[in-house]
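Okay, thanks everyone for coming. I'd like to walk you through a structure that's new to most of you, so let's get it up on the screen.

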Amino acid sequence: MKKLSFTFDKELFGAFQHGDWKKEAEVEDEINDFLKKIKTIYVGNGVNIASYTGIFFASFDTQHANDDANGDPPYLMLNVDEVLDTQNHDERAKSSRRRFFIVIDPGNKLTFEEEVPECAFINLY
């Protein structure tokens, strides 16, 4: 099936740290193109697995990509919004959007795998 991977090595993580918005947009576009055909996402933390069903949109939060004044380590956050899978605008307006976050540290590998049609697993190594 389909697979999409990013390794947030010195080059890629560094691009986010240095405000390379073109690289950020390129990665977001690849993720969102992958998610267009996905109806269910499974995300695990090693103990529990959560599932989300709907239409998805991913974006990065780079606010903490650099060390802060307190010396905290840098990280990125991938925000994935879930919206109700319906074309009925009234139902969509009443539904609450759910969001989940994936914290990415320098050196992490983020993988999206479509194991069965319209169903993907997101893994972070």
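I'll start with the overall layout, then go to the sheet, the core and finally the salt bridges. One thing to keep in mind is that this is a predicted model.

So, the layout. We've got one protein chain of 125 residues, and 37% of them are buried. The chain has three helices and eight strands. If you read along from the N terminus, the order goes β-α-α-β-β-β-β-α-β-β-β. As for the outside, the accessible surface is about 7800 Å², and carbon and sulfur atoms own 48% of that. And if you take the contacts with a separation of 6 or more, 56% of them link residues 24 or more positions apart.

Now the sheet. Which strands are in it, and in what order? Five of them make an open sheet, running E1-E7-E8-E2-E3, and the pairing is mixed. Out at the edges you'll find E1, residues 3-7, and E3, residues 49-53, and each of those pairs on one side only. Going from one strand to the next, the twist averages 20 degrees.

Have a look at E7 and E8 in there. E7 covers residues 109-116, E8 covers 119-124, and the two run antiparallel with six bridges joining them. If you want a spot to zoom in on, Glu113 sits opposite Phe121 of E8. Then there's helix H2, which packs on this sheet and touches E1, E2, E7 and E8. The direction of H2 makes about 155 degrees with that of E1.

Let me say a word about H1 too. That's residues 10-17, and its buried residues are Leu12, Phe13, Gly14, Ala15 and Phe16. After H1 comes Gly19, with a positive phi near 70 degrees.

Okay, on to the core. In soluble globular proteins, nonpolar side chains tend to be buried together. Here the largest nonpolar core has 28 residues, and the ones with the most contacts inside it are Phe8, Ile31, Leu35, Ile41, Leu78 and Phe112. The largest share of that core, four residues, comes from H2, which is residues 21-35.

Let's pick Ile41 from that list. What does Ile41 touch, once you set aside its neighbours within four places in sequence? Its contacts include Leu35, Tyr52, Phe56, Val80, Phe100 and Ile122. Ala50, Ser51 and Ala120 are in contact with Ile41 as well.

Last topic: how many salt bridges are there? The count comes to three.

The first one I'll show you is Glu26 with Lys23, where the closest N and O atoms are 3.1 Å apart. These two are three residues apart in H2, so there's about one helical turn between them. Glu26 is partly exposed at 39% relative accessible area, and Lys23 is partly exposed too, at 27%.

Next up, Asp33 and Lys36 meet through their side chains at 3.4 Å, N to O. Asp33 counts as partly exposed, at 43%, while Lys36 is exposed, at 65%.

And then there's Arg99 with Asp81, at 2.7 Å, N to O. Arg99 is in strand E6 and Asp81 is in strand E5, so this pair ties together parts that are 18 residues apart in sequence. Is Asp81 buried or exposed? Asp81 is buried, with a relative accessible area of 8%, whereas Arg99 is partly exposed at 44%.

That's my tour, so feel free to spin the model around.

Key
Residues are numbered from 1 along each chain as its sequence is written. This is a predicted model: local features need pLDDT of at least 70, side-chain atom pairs count only at pLDDT 80 or more; totals for chains, interfaces and linings use all residues. Side-chain values use heavy atoms; hydrogens and water are left out. Buried means under 20% relative accessible area, exposed over 50%, partly exposed in between (1.4 Å probe, protein chains only). A nonpolar core is a set of buried Ala, Val, Leu, Ile, Met, Phe, Trp, Tyr and Cys residues joined through side-chain atoms within 4.5 Å. Contact means heavy atoms within 4.5 Å. Accessible areas come from the Shrake-Rupley method with a 1.4 Å probe; for residues, only the protein chains shown count as cover. Two strands pair if DSSP finds at least two bridges between them. Axes are lines fitted to C-alpha atoms, for helices over the stretch in contact, and angles run from 0 to 180 degrees between N-to-C directions. A salt bridge is a side-chain nitrogen of Lys or Arg within 4 Å of a carboxyl oxygen of Asp or Glu.
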